[in-house]
Amino acid sequence: MENKTKYWKGIEELERTPEFVQLSKNEFAEGLPLDEVLNESDLDLSSNRRDFLKFFGFSVSAVALAACNKAPVKNVIPYVIKPEEVTPGVPNYYASTFGNIPVVVKTREGRPIKLEGNEKSSLTQGGLNAAGQASVLSLYDSHRLPVALKEGKTAKWADVDKEVMAKLESINSKGGQIRLVSGQINSPATRQIIAEFKASYPTAKHVVYEPVNYDGIILANEMSFGKAVVPTYQFGKADVIVSFGADFLGTWLNTVHYTKEYSKNRVPGADSPKMSRHYQFEANMSLTGTNADYRFPLRPSQEGAALMSLYNAIAKASGLTQLPTPAKLEVVGNNIEKAAKDLLAAKGKSLVVSGSNDPYIQSLVNQINSVLGNYGQTIDIDNYYYAKQGDQSWSEFAAEASKVAAVIFYGVNPVYDAANGTALAENIKKMELSVSLAYYSDETASLCQYVAPDNHWLESWDLTEISKGHYGFTQPTISPVFETRQAQATLAIWSKNAAIKNNEFNYYDYIREVAKNTVYAQASGFASFDAWWNQALHDGVYELPMAASNAPANNVLANDLVAKINTKADQPELILYTKVGLNDGKDGNNPWLHEMPDPVSKVCWDNYLAISKYDAAEMKLEQGDVVNVSNGAYTIEKLPVMIQPGQARMTFAIALGFGRSAGVKEAVGKNAFPFVGTSNGTLSYTTTNFKIEKAEGSYELAQTQTHHSIEGRDIVREASLGDYKKNAKAANEDHHGGLRKPDGKMYDLWKEFDYKGHKWGLAVDMNACTGCSACVISCSIENNVPVVGRDEVRRRREMHWIRIDRYYSFQHEGTYATKEDEYNHMDDHQNVRVIHQAMMCQHCDHAPCETVCPVLATTHSNEGLNQMTYNRCIGTKYCANNCPYKVRRFNWFRYNDNDNFNYYFNNDLGKMVINPDVTVRTRGVMEKCSMCVQRIQAGKLSAKLEGRKVQDGDIKTACQQSCPANAIVFGDMNDPESAISKAFAKERAYSVLEEINVQPSVRYMTKIRNVEESIVENAAHH
């Protein structure tokens, strides 16, 4: 029977634009023919032994040597004096902390090359986001400041210390005001360093500044409960989640922790078909919104009225006084009442959150959660989270900056990301002393008299309190690459700390003492401090027993909030948000993050004006047009237009974090921070003070989504929870017909492979996968996937081995469109459903690529892997033409040592991040996912050394290990007890395009939504 839902990759495919149709006709020839785009000079055929070893990963693994009984092999990389802990070819692992995320750092021959989440953390549970994965590259960034600077010129550290201290003493003695401006400090050791600095210079004050902060939540909790904190939200304990604009899976607060918890409660089991229900009310389509069961467009100015309606519906059922009834919101219909009904049915097991930075909005959210009994259950205000927060000191500093004599910036760049950055820049120029501790010459540092560059976090020691009682330890995994110095040591020297010897400060000893007096003093079960310290440093985390989580009394009356909450919604609104990956722009020089497609729009390398289809038609704008956006004082010129399905009418959105002009290799996108305003004492990321005008010209965004047409084929499958309860194979029954063998496989003419040893396979649960794209970055790092840049992505030549496809299903008059021509009658894209699907090489048993390669460059292994032999490949691209999944990537150019691709592969420092276990490919070669064959070999050899068989879980692919949602399972299908065998046996498991019978070794779990209506009829597929 015909199914209800049809999916499109994007509006280009749905509308069948001429450009899309033309590209679809030639979807395999990614641009011009090879001989028309390459010159002989592009390929440097000369090489030497060092280049060969460097690019082709010629490192002999000690594990492989020990397992091999061949003749003796000479050392490939000899050491004059070999460090005791380093064995060539064998990685070392160190626990550390990136920001607020505990990580494990993999090093090779003393070089950090890969990060993974630390499983010993109860918060992140081994998860790591895309920004964390990519941060290793910034260690080897050639744009880092290599030395201290004075007036923009190289200076000796001793001279900088002497002059800065003399000026600080002089200014302090005259009563001049000194300010130390930093982000939020979560390190007790750093807080003590700053306190000692202030004691040395009594006129000094510490200013806390965060360009993207959560002050609204903190102030609301102070009003409601007397605690100025961000609580810990337990999404895993919530049966019903209602979010108002909080992108808790993408960019809001502790996304790794939330993703881990959220995904646990989103995967229904055959024995226990239960999952949480998620409502999302928001204006612009967020990563969290794409994962919701129910998503409704709601403008920021309507959020107050929507929350009042929700409160009233809950209060009425609970016998409480209702608030004055706001105007009914037609855009959400009766769905507020529907959400309230579900919340009431899950009292104590529900959760309401808001992404607003308005303290009164957040106070109303607190009221709702209090009535629902969620505090002490799904909300823990006693074991709170240390989130980014500013304080009043920044607004005071901004007002008095013209009177400040000396300023030191530590880890912040307010000239770029503060709304009043231009005025601050002028004041910095007039100060007696200005210093930056940045490790880039960013917009703020470039204006300062002195720059004392900080170490990279991978070169540093520190102690971080991630949440109350949860500590993360940072330890250096490499000596400083440049002549930099840790910022804490710099401040201690300028404070004339008593521990300074020969103008050097040992921060390691300092944090040991701080840890002894703070954390260890509360610990138990250790014979000595040294025993505790060594264990904590080894684990990378130490967690004190959690305090009892209580339900505090709410000190605010709901009626008192009514007059302070805006309910007027009659003007267009501009929303300023942060993107997954790039976030607030601190990593603006990281090409991995720029080339990672946005999980929603699939645009990389730029920001843009997101606009609804309705508003675009009203303003006569089309995709690719450019506009000027102005608030009177500041104008963004020629910002590209992106028509975004799911965007609420009368709202427009621009991502923050772009438009960096200093400390970066190239300017990417436009800076929208000057549009950030203030409201009710906090920063406001929405504004009605703006004007949009169409500008001349056009701009092609680098968008990856429609690069491979699926032509309506069987790709994604979806069912409701009700469908699933009735039939565990809902949407997943045999619908292609054909004779079947007893094992369920189709009959065919292929010779069956006999996998006597291992048979590797991979499964992706689309209920767990959020589309966050951490796997995309992790795979690129692990497998030396090159960055190709904006222009090559536009030419359909991105190189990612794994991509996250995003599919839209559009709703019209309460039902979802099933035919293309129905779309022509729609006047809006506001109501859409979204599915994310990770797509990589499927390692087919009947692989179409293997039969067409004329030189046997792609072959089948005896363990079920589709292999690539790079030095055989002559670049015919027949394999890519024959691949039904479009997962093969062709090297149109040599991406290393090529000035046309001036990224990290183009300088010796950047190449230090290369994984020596994986070949760096060259021009004219096809490449694709290998299922991390280097990890498979390492796991097998380790097991052989230990005299045992490979155990399930010994080997993890890069994508699997990095996934914060645990959506990916990998293992040996010949082991009936393995997790992969059990995944393949699930009723929800299916193969993409199974009707063509290529028998892939990758399966997907049907997407189940917790919605009331049936998504499938008679278990038909999509």
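## Strands side by side

Two strands count as paired if DSSP finds at least two bridges between them. With that in hand, look at strand E9 (residues 240-244) and strand E10 (residues 277-282) in this predicted model: five bridges join E9 to E10, and the two run parallel. One of the residues to look for is Phe244, whose bridge partner in E10 is Phe281.

Now zoom out a little. E9 and E10 belong to an open sheet of four strands, laid out in the order E11-E10-E9-E12 with parallel pairing. The edges are strand E11 (294-297) and strand E12 (350-354), each of which pairs on one side only. Neighbouring strands in this sheet are turned by 10° against each other on average, if you ignore direction.

What lies across E9, E10, E11 and E12? That would be helix H13 (residues 335-345), which runs at about 145° to E10.

## Just past the edge strand

Follow the chain out of E11 and you come to a loop that leads to helix H12 (303-318); Gln302 is found in that loop. Is Gln302 buried or exposed? Buried means under 20% relative accessible area, and Gln302 has 12% relative accessibility, so it counts as buried. Its C-alpha atom is separated by 9.7 Å from that of Ala283, and the two residues are 19 apart along the chain.

## An enclosed helix

Next up is helix H14 (residues 359-371), which has 13 residues. At 1.5 Å a residue it should span 18 Å, and because its end C-alpha atoms are 18 Å apart, the expected span and the model agree.

How many of the 13 residues of H14 are buried? Twelve of them are, so the helix is largely enclosed by the rest of the structure. The buried ones include Tyr360, Ile361, Leu364, Gln367 and Asn369. What do they pack against? The list is H9 (215-225), H12, E12, strand E13 (379-385), helix H21 (558-561) and strand E27 (682-684).

## A buried glutamate

Glu573 sits in strand E20 (residues 573-577). With 3% relative accessibility, it falls under the cut-off and therefore counts as buried.

Leaving out residues up to four places away in sequence, Glu573 touches Arg299, Pro300 and Ser301, then Met650, Thr651 and Phe652, and also Thr687, Thr688 and Phe690.

## Two nonpolar cores

In soluble globular proteins, nonpolar side chains tend to be buried together. Here the largest nonpolar core has 107 residues, and those with the most contacts inside it are Trp592, Leu762, Met840, Tyr885 and Tyr1004. Helix H25 (residues 774-782) gives the most to this core, with six residues. Apart from this core lies another, of 51 residues, with Val160, Ala406, Tyr507 and Leu537 among them.

Take Leu762 as an example. Setting aside its neighbours within four places in sequence, Leu762 is in contact with residues including Met840, Met931, Cys959, Ile968, Phe970, Phe984 and Val1002.

## The whole chain

Stepping back, the chain has 32 helices and 43 strands. Of its 1022 residues, 62% are buried. Among contacts between residues at least 6 apart in sequence, 75% join residues at least 24 apart.

And the outside? The accessible surface of the chain comes to about 39,800 Å², and 49% of that belongs to carbon and sulfur atoms.

Terms used: Residues numbered from 1 in each chain as written. Predicted model: local features only at pLDDT ≥ 70, side-chain atom pairs only at ≥ 80, totals over all residues. Heavy atoms only, no water. Core = buried A, V, L, I, M, F, W, Y, C linked by side-chain atoms within 4.5 Å. Buried < 20%, exposed > 50% of the residue type's maximum accessible area, 1.4 Å probe, protein only. Contact = heavy atoms within 4.5 Å. Areas by Shrake-Rupley, 256 points an atom, 1.4 Å probe, with all protein chains shown as cover. Axes fitted to C-alpha atoms, helices over the stretch in contact; angles between N-to-C directions. Expected span 1.5 Å × (residues − 1).
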